[in-house]
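Here is the note you asked for on this model. Please read it with the coordinates open.

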Amino acid sequence: MTITATPPAKIKNLPSPVTGQEIVLIGVIAVLWAALAVSTPAFLTAGSLQPLLVATAPVALVGVGMTIVIITGGIDVSVGAAIMVCSVITAKTLVGSDVNLAVAVLISVLAGGALGLINGFLIAYGRVHAIIITFGTANLFMFLGLQIFGSGTVNGIPGTLGFFGRGEAGRTLGIPHAFLITALITAAVWWYLRHTAGGRHFFAIGGDAQAARLAGVRVQRRVLLAYLTTGVLVGLASCFVIAQGTSTLDQSVGSGKELAVIAAVVIGGTSIMGGRGSVLGTFLGALLVQTVASGVTQLGWRSQLSDLFVGIFIIVAVGADLLRARARRSR
Amino acid sequence: MAAETQIPRLRLTAVSKRFGAVRAIQHADLTVRAGQVHALVGENGAGKSTMIKIVAGAETADTGEIEWDGSPVRIGSTTDAIALGIATVYQEPQLFPELTVAENIFLGKELKKQGRVDWATQNTRVVELLELLGLPAGYATATVGDLSIAEQQQVSIAKALSGDAKVLILDEPSAILTDAEIEVLFDVVRRLTASGVSVIYISHRLDELFRIADEVTVMRDGRTIGTYPIGELSVRQIAHLMVGEELSDARPHREVPAGPAMLELRGLTRTGKFADVDVTVHQGEIVALYGLVGSGVSEIAACCYGIERATGGTLAIAGKPENPRNPEHAQRLGVALLPANRKVEGMFGFQSLAFNISAGHLRLLSKLGVFVDRAREKAVALDLIKRLAVRTPHERQPISAMSGGNAQKVVLARQLVERPKVLILAEPTQGVDVGAKEEIHRLITELAEEGTAVLVVTSDLPEALRIADRIQVVRGGTTTEEFGPDAKQVDLLAAAAGGSE
């Protein structure tokens, strides 16, 4: 064989950083915003967009963790209950003692991390399917949260977490902090998943956990990390939730949030079968869901219509995923 | 000869391995020279896979010696084997469909630069490998799931070679490939051997060995029978070495009743799978369809049961031309199927034995066609348990708690509820112990005696000879020769493996 000089490599190092689904989502969001801007002139004002972005933040943030979990082939249906536990612990701490912002966030994140660790250990080392485990822990967390609530509601929460809130204190240059932090974390995780060996291993596990193990991937540790990350992000998202509310926290906090989060992940193009997905898609998915919800409100339509639209988006997204898988198999 | 004086790359001497009481291999020898293709052949269960597992480090030999370039080595794990330069490509590509080719090749051993994956260096290395295999450089960043099966296999080979392999084990690489794809594979193998890599090539298709192998080692009953330069043998001679002495199998002679044709395939074709298949099964007759993996036998069975649809030719059931649309339709036409992969296709693991027997026949067992008649379900189940000699404490036993042989009998029992006109059995005794095998064979014969036309699809040669009244050989997607029950194993094998010159 003759040795030839290596020709200048013209190939790209990686496939496109943005998937087709993400481009479609950006298009759909742009069309919706344009339509809403035309039909309700108030839509494209700071007074309307800022609440939209604030409301998107907690779902998108937990969605980042959920995306990693679903990429590994798992799911976490306990995040709603976990939000409740974290927010009631944090809210009671705020009411009971004079902690500052950083300590409050730390407490919430530690609580969320502990809950994520419980899920992660049971799933990674218990070898029981994630939906069963997290369905179980969701009920445990719910019980735990209600115990901490004690009687009814937590009242008189001080404005310590206002930095994440809807008010003036929660914005810099007009951009809500909660949204900004979520965007930064999404970008960091996106980079991690795309450019590091550890990040790529999540995809390998979702593709074929056994083959990944044989290739030298520490599967259990990765799976544990996925649920731990989700828990930590749940902790931070809980601070956003408290900040967005009034000075009162009631027992319905976090209720149903797991479905909103999973919806954002699925609409964002992450395959529910595992092995494929993107936190950027999830971020856009959360933004789309929130756009629909606030659009329906601003147009004065009945709020159930928002459920209808989200349902359609989910079915279209899952359908596209299945068609793609089928087209591949028939090859 | 010059090759004799050269120190072999890999030599296994007097290797043996036991699994419990079973001697998987005993006293086996294998010598692989640098830059050569060494074929390893033998019937199912002859010990080929144990042999390559020992070489690949997935199993450790109980006794025997392994030499690498003339010096003794110990291969205690897959890591040891990889460190020596032994790489294995298993039959099914073990790849991650959503990752790129480069990522698949470097998974678990990524090249890193400042904490992040060094894509550029990885890709350069991958492009070199792809060039060696004759694949376009652009494939380095293609998603594996978007490639064809043949290309995926080449990626598996590239992955195996990425660790600087000196011995490459290919386990039945051609079984899932089309003829054109096999040509590409052979090209790759030739290119590798030209660069000094040794290839251990395992295949059931004997004819292709003559085009690719330099030497062949034949295994039978866990022993290596011998190693020969490929030019010294013919397909028939290899087949003869594989099956050994003709066993005087005391097969009870059976009078085949002369009945009408119940299943008749005339020129049956499914594009890309099989073509021009002719088979007739008469009432009360047992016909075996014998072919190697990939020959199209299982697809033919799937067409008779409506799992797949034929694209040409005719299929007649009880004299009437039919084309089963789906399994439910096939059942109404009187065709029953015992699937090969019973864990996946055949049983409801958590459910009771009675449920497993009555599933699919609930209309028959129901009052007014609506409510399941539990008493009758139980009665039918008990009757069949007795007839089939299924060993179980009671009919409510979950099927997953039963042994393979007993579970198979239960799945067989389900098909007996309606006494089908035509029964198709796919690999009926795969993974079943010897005793249960006998009983299943007896049951099949009994069924035929009651008038069912039985078609047994099998790759188990002794089984085909034991139970069938006629054996139809399938090769390359079409029926070739027909044999009687007195045929010799060697003739059947030669006919199925090609080149019956």
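The points below take chain A, then chain B, then the contact of the two chains.

1. Status. This is a predicted model. The values in this note are computed from that predicted model and should be read as such.

2. Secondary structure of chain A. Chain A contains 12 helices and two strands. In sequence order the elements run α-α-α-α-α-β-β-α-α-α-α-α-α-α. The two strands are thus consecutive in the pattern, with helices written before and after them.

3. Overall dimensions of chain A. The C-alpha trace extends over about 80 × 50 × 35 Å along its principal axes. For 331 residues, a compact globule would be expected to have a radius of gyration near 20 Å, and the 21 Å of chain A agrees with that.

4. Burial and contacts in chain A. Of the 331 residues of chain A, 47% are buried. If contacts are restricted to residues at least 6 apart in sequence, 78% of those in chain A link residues at least 24 apart.

5. Helix α10 of chain A. How many of the 11 residues of this helix, residues 257-267, are buried? The count is 10 of the 11, so α10(A) is largely enclosed by the rest of the structure. The cut-off behind this is 20 or more other C-beta atoms within 10 Å of the residue's own. The buried set includes two residues with charged side chains, A:Lys257 and A:Glu258. The others in the set are A:Ala260, A:Val261, A:Ile262, A:Ala263, A:Ala264, A:Val265, A:Val266 and A:Ile267. After the helix comes A:Gly269, which has a positive phi, near 100°.

6. A:Thr45. This residue sits in the loop between α1 (20-39) and α2 (46-71) of chain A. Is A:Thr45 buried or exposed? It has 11 C-beta neighbours inside 10 Å and therefore counts as exposed, the limit for that class being 12 or fewer. From A:Thr45 to A:His177 the C-alpha separation is 18 Å, and the two residues are 132 residues apart along the chain.

7. Chain B in outline. Chain B has 18 helices and 24 strands. Its buried residues amount to 48% of 501. Among contacts in chain B with a separation of 6 or more, 68% are between residues 24 or more positions apart.

8. Helix packing in chain B. The axes of α5(B) and helix α6 (residues 149-161) of chain B are 10 Å apart, and the angle between the helices is about 120°. The pair is therefore oblique, since 120° falls outside the 65 to 115 range for roughly perpendicular and is not over 145. The crossing of α5(B) past α6(B) is right-handed. On the α5(B) side the contact uses B:Leu129, B:Leu130 and B:Leu133, and on the α6(B) side B:Gln154, B:Ile157, B:Ala158 and B:Leu161. By class these contact residues are six nonpolar, one polar and no charged.

9. Contact of chains A and B. Which chain gives 28 residues to the contact, and which gives 24? Chain B contributes 28 and chain A 24. On the chain B side, β8 (116-117) and α5 (119-133) each provide at least two residues. The largest share there is that of α5(B), with five residues. The chain B side comprises 10 nonpolar, 12 polar and six charged residues.

Notes: Residues are numbered from 1 along each chain as its sequence is written. Chains are lettered from A and ligands numbered from 1 in the order in which they are written. This is a predicted model: local features need pLDDT of at least 70, side-chain atom pairs count only at pLDDT 80 or more; totals for chains, interfaces and linings use all residues. Helices (H or I, at least four residues) and strands (E, at least two) are DSSP runs, numbered from the N terminus. Two residues are in contact if their C-beta atoms, placed from the backbone, lie within 7 Å. The radius of gyration is taken over C-alpha atoms; the globule rule is 2.2 Å times the number of residues to the power 0.38. Axes are lines fitted to C-alpha atoms, for helices over the stretch in contact, and angles run from 0 to 180 degrees between N-to-C directions. Angles under 35 degrees count as roughly parallel, over 145 as roughly antiparallel, 65 to 115 as roughly perpendicular and the rest as oblique. A crossing is left-handed if the near helix is turned anticlockwise from the far one by less than a right angle, and right-handed if clockwise.
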